[in-house]
Amino acid sequence: MNTQSTYITDKPQTRSKKLDIKIREMEIDDLAPVFHLGETLFDSDTLPTMYRTWDDYEVTGFFNEDPEFCLVAEHKDRIIGFALGTIIIKSRSAWKYGYLIWLGVDPAFQKQGVGEKLYLRFQDLMIAEGVRMLMMDTSANDIAALKFFKKLGFNQPHEQIYMTLNLDNHRKSKSRKTKPAK
Ligand SMILES: CC(C)(COP(=O)(O)OP(=O)(O)OC[C@H]1O[C@@H](n2cnc3c(N)ncnc32)[C@H](O)[C@@H]1OP(=O)(O)O)[C@@H](O)C(=O)NCCC(=O)NCCS
């Protein structure tokens with residue numbers, strides 16, 4: 001059983017630190033560096049739930065579906081961070097929701113304001129799209145991420161519980177495995 005925290009904000013803030021970085025839209029040549037950076041950040045320890053896993057389809061999927069909401073942070077021609085998100089429109093709701101799904105910064109460049117710059121650019125894009133509420137979710141024990149989003153104005157954490165059921169021992173699974181291959 002795992003718990004997740006989801007933070008919601010409608011309160012923008014500004015702050016930046018000195019590091020020569022460029023925040024820009026992701027381009028096709030960035031797919032591999034972003035994927036490999038994400039591999040170092042989102043492993044099974046940091047992402048204990050299986051409902052969301054970091055893989056190549058995740059990066060290419062967002063790049064195909066929402067390229068304008070895929071951002072990278074570049075420092076001296078090196079990709080040191082990324083933000084991937086989307087907009088959710090619910091039926092029977094006048095509200096547009098922005099969802100920041102993946103935010104990652106190269107550990108060598110963390111705590112220097114890169115994540116904040118990526119986030120603030122993403123927030124600007126959401127405001128320009130008419131989004132009224134931003135959401136993010138992360139593991140309840142990811143203290144760095146929780147402090148990061150709290151500092152940026154996210155609040156009202158909602159706890160969610162994930163449960164799993166291993167079907168390997170189910171009698172139907174067992175009989176499926178013992179059936180001769182056609
Ligand atoms: C969360 C993450 C994106 C933050 O990026 P970052 O560039 O290091 O963050 P910033 O330097 O912009 O930090 C802004 C503020 O967030 C808080 N913060 C960031 N990292 C923190 C840490 N390790 N511990 C405590 N607070 C932290 C601080 O309040 C910081 O402000 P301060 O430096 O003035 O105290 C980065 O730690 C990361 O990539 N983590 C792994 C992936 C992840 O968990 N992503 C989020 C869920 S998808």
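Trainee: Is the crossing of helix 1 and helix 2 left-handed or right-handed?

Mentor: This is a predicted model, in which local features need pLDDT (the predictor's confidence in each residue, from 0 to 100) of at least 70, side-chain atom pairs count only at pLDDT 80 or more, and totals for chains, interfaces and linings use all residues. Residues are numbered from 1 along each chain as its sequence is written. A crossing is left-handed if the near helix is turned anticlockwise from the far one by less than a right angle, and right-handed if clockwise. The crossing of helix 1 and helix 2 is right-handed.

Trainee: How are helix 1 and helix 2 oriented to each other?

Mentor: Helix 1 (residues 31-41) and helix 2 (residues 56-65), each a DSSP run of H or I with at least four residues, pack at an angle of about 135°, with their axes 9 Å apart. The axes are lines fitted to C-alpha atoms over the stretch in contact, and angles run from 0 to 180 degrees between N-to-C directions. Angles under 35 degrees count as roughly parallel, over 145 as roughly antiparallel, 65 to 115 as roughly perpendicular and the rest as oblique. Helix 1 and helix 2 are therefore oblique.

Trainee: Which element gives the most to the shell around the ligand?

Mentor: Among the 19 residues around the ligand (C-beta atom, placed from the backbone, within 6 Å of it), Gln110, Gly115, Glu116, Ala144 and Lys147 come nearest. Two or more residues each come from strand 5 (96-105; a DSSP run of E with at least two residues), helix 3 (114-128) and helix 4 (143-151). With five residues, the element that gives the most is helix 4.
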